[in-house]
Amino acid sequence: MSITTKPESAERQDVAGPPAVGRLGDRLFSASALTAGVIIMVTLGAVFVFLAVEGIDGFHADRSVFEPAAGNFWAYAGKLLFGTTLAAVLAMIIAVPFAIGLALFISHYAPRRLAVPVAYLIDLLAAVPSVVYGLWGARTLASAAQPIQTWLGEHLGWFPLFSGQVSATGRTMLVAAVVLAIMIVPITTAICREVFQQTPRLLEEAALGLGATRWEMIRMAVFPHARSGMVAGVMLGLGRALGETMAVAMVLSASPLVTLKVLTSDNPATIASNIAANYNSEDNRIQTVLIATGLVLFVFTFLVNFAARLIVARAERKLA
Amino acid sequence: MNTSTLRRAIVPGVAALALAASLAACGSSDDSADSAASDGSSGAAAGGSLSGTVAGGGSSAQEKAQESWRAGFGQANSGVTMTYDSVGSGTGRSNFISGAYKYAGSDSAMTSDEITQATKACGGDPVEFPVFISPIDVAFNLKGVSSLNLDAKTVAQIFKGDIKTWDDPAIKALNPDAKLPSTAISPVHRSDSSGTTDNFTDYLHQAAPSVWTSDHSSDWPTTSGESAEGTSGVVGAVQGGNGTIGYIDDSGVEGTKLGVAKIKVGDSFVAPSADGAAAGLAASQLVSGTPATVMEYKINRTSTDPSTYPVFMASYEIACQSYGDANTGAVVKAFLTYITSADGQKAAAANAYSAPLPTDVASKEAAIIAKIGS
């Protein structure tokens, strides 16, 4: 994202022309902005190079390193990628409708007296460290949600996601997804709220004046205007869900495997939590493998972001 | 106006950069700590004649014990800084072989390959002996049941998943007086690789080979079942559910309300204890064919003597007999002397609930330490 904005600002600097050049403040600002942009690119590049160089041996590590989880690197990484995606998708399913509703409540429904403190509280959620979420999820939420999960297993066990022997400790994919969702909500809400508030007043009033209800106004005036901002908010949330380490490592009872059952003790591990759990392993040959899975996650996150940008760009072109 | 606001922003910025640079300098000097080990050798320190910095690391199970050892050793030798990174046993051993660590803690003994490599790195036979013995508890959380007797075969069947409920006839037979509910059993294992898992699976494989057919390993041999990260994670998971059972370092169970199973040894049921673990090590055989300065145990988990407790781990310390400079050798020698002494073992027992070394083991180790630096 920062890569695309950097040349723009540089161009603007050029267009702004002679009067700005002479002043010390302008030169300093332009230099620091350029430095920030370059540093981000260099850092990203350096991370990629580090992962590639350190992880290269992991791609063809000895079979015994992957056992009993898998027979080779791609099966191992594939299983972990499955777990990462499953946890993130479940978290997004829970968090996104919630975050958008919350943002709309703050921007369009709640009276100002209520909207400000609610917005403030949600921003506070983002400041809680993930290890605290992990502790809370593993120690409190998991055991509190265990009876609910038992009920789900008993009554909705025919549904593939809820089948299987329900975990006695409650440390399942479902709880991990709920914890992740709570971590995503503040980021997505904050960004959606901001873009919802940017909707031109004129458009909103025109819609209302044409006889639209408040919901129709939101659907016809606010959402189309806010679409790209909403996607950006969702993407930031997804990034957090894909990369979240400590909370998942602490909550989830996991190992590299593929299953869609979200209530059992056997849950697929995510790439990030698997790295955290196994990096200090007795068998340190696993370290190159873990770095290689980090590279897989890096590339995957990059592709997901890229695809999302593409979709937004296409949707906006259609709209224009 | 403009520039003054800017200056206000820049000054703290420059300060932050300078701080970052100095921190980075600290970080890099940390890395080279081992090479600087002898820097302070000329200046005699206040308490004790030794000085310098010696870097070590490895087993995370030893972390708490190492803390108390560093504190105790530092009191007597205020000029010495010992560092210990709990990076895991495998990394500890490889960093020792590469020379980054002057001493290492390891939950498993070096393989013969590693001994050969360490011999090359040390320029002579390496030193290795157990310093940290810790009982491993089989802890459970089951409503209405506070004490439980188990034998090796039952424990193996529970953790393998062959016994699925608490009122299984095999458990009933061992606990005729207990009121066992029909709750499902949820065995909890470590998700990270650990010496605790290695020693626990070694116990299962030695004492119940017909059920636990896979060899000992620091990674849990299957991908199924409830798992949690670290000792505290397993404690949390076992506490968080009903009908759960897990294997936990004795220090982790201390202070919780978990029930601890007594394990059948011979004809009686033995609760985990430091003394039992120490007796278990004393009853084990030394591995033959290693250099004289290497004390590796083949731990005997099948003893029928009820004074022993078979589920325990013995964690090793690894060092060289001689180092490039005499000062490092003297510091390592003094440190190892301290941790194997009665005081050092007592400090670890208080802080990490470990078992003091049996006296005959300690005296053998003292003889090995005497060879360091000579």
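This passage walks through a predicted model, taking chain A first and then a few spots in chain B.

Chain A is built mainly around its helices on a simple count, with 13 helices and two strands. Its C-alpha trace spans about 65 × 50 × 35 Å along the principal axes. Of the 320 residues in chain A, 42% count as buried. The accessible surface of chain A adds up to about 16,500 Å², and carbon and sulfur atoms account for 69% of that. As for charge, chain A carries 22 positive and 19 negative charges, and the mean positions of the two sets sit 7 Å apart. Looking at contacts in chain A between residues at least 6 apart in sequence, 77% link residues at least 24 apart.

Chain B has a helix count of 13 and a strand count of 14. Its 374 residues include 49% that count as buried. Chain B exposes about 15,300 Å², with 53% of this supplied by carbon and sulfur atoms. For contacts in chain B between residues at least 6 apart in sequence, the share joining residues at least 24 apart is 73%.

Helix H7 of chain B, residues 195-207, is a good place to zoom in. At 1.5 Å a residue, its 13 residues should span 18 Å, and the C-alpha atoms at its ends are indeed 18 Å apart, so the expected and modelled spans agree. H7(B) is mostly covered, as eleven of its 13 residues are buried. The buried set starts with Gly195(B), Thr196(B), Thr197(B), Asp198(B), Asn199(B) and Phe200(B), and goes on with Thr201(B), Asp202(B), Tyr203(B), Leu204(B) and Gln206(B). The N-terminal end of H7(B) has a cap in Ser194(B), where a side-chain oxygen lies 3.1 Å from the backbone nitrogen of Thr196(B).

Another serine, Ser315(B), is found in strand E14 of chain B, which covers residues 312-320. With a relative accessible area of 0%, Ser315(B) falls under the 20% cut-off and therefore counts as buried. Its side chain makes a polar contact of 2.8 Å with the side chain of Asp107(B). Setting aside residues up to four places away in sequence, Ser315(B) touches Ser59(B), Gln62(B), Ser106(B) and Asp107(B), along with the run Phe129(B), Pro130(B), Val131(B) and Phe132(B).

Backbone geometry draws attention to Tyr353(B), which has a positive phi of about 55° although it is not a glycine. Most residues other than glycine have a negative phi. Tyr353(B) is placed in the loop between helix H12 (342-352) and helix H13 (359-370) of chain B. A relative accessible area of 33% lies between the 20% and 50% cut-offs, so Tyr353(B) is classed as partly exposed.

The same tyrosine, Tyr353(B), also figures in a pairing with Ser251(B): the two are 102 residues apart along the chain, yet their C-alpha atoms are separated by 5.2 Å. Ser251(B) is found in helix H9 of chain B, residues 250-253. Apart from its neighbours within four places in sequence, Ser251(B) is in contact with Ala352(B) and Tyr353(B).

Terms used:
Residues are numbered from 1 along each chain as its sequence is written. Chains are lettered from A and ligands numbered from 1 in the order in which they are written. This is a predicted model: local features need pLDDT of at least 70, side-chain atom pairs count only at pLDDT 80 or more; totals for chains, interfaces and linings use all residues. Side-chain values use heavy atoms; hydrogens and water are left out. Helices (H or I, at least four residues) and strands (E, at least two) are DSSP runs, numbered from the N terminus. Buried means under 20% relative accessible area, exposed over 50%, partly exposed in between (1.4 Å probe, protein chains only). Contact means heavy atoms within 4.5 Å. Accessible areas come from the Shrake-Rupley method with a 1.4 Å probe; for residues, only the protein chains shown count as cover. Lys and Arg count as positive and Asp and Glu as negative; His and the chain ends are not counted. The place of a charge is taken as NZ of Lys, CZ of Arg, CG of Asp or CD of Glu. The expected span of a helix is 1.5 Å times one less than its number of residues. A polar contact is a pair of N or O atoms within 3.5 Å; within protein, one must be able to donate a hydrogen and the other to accept it, and residues adjacent in sequence count only if both atoms are side-chain atoms.
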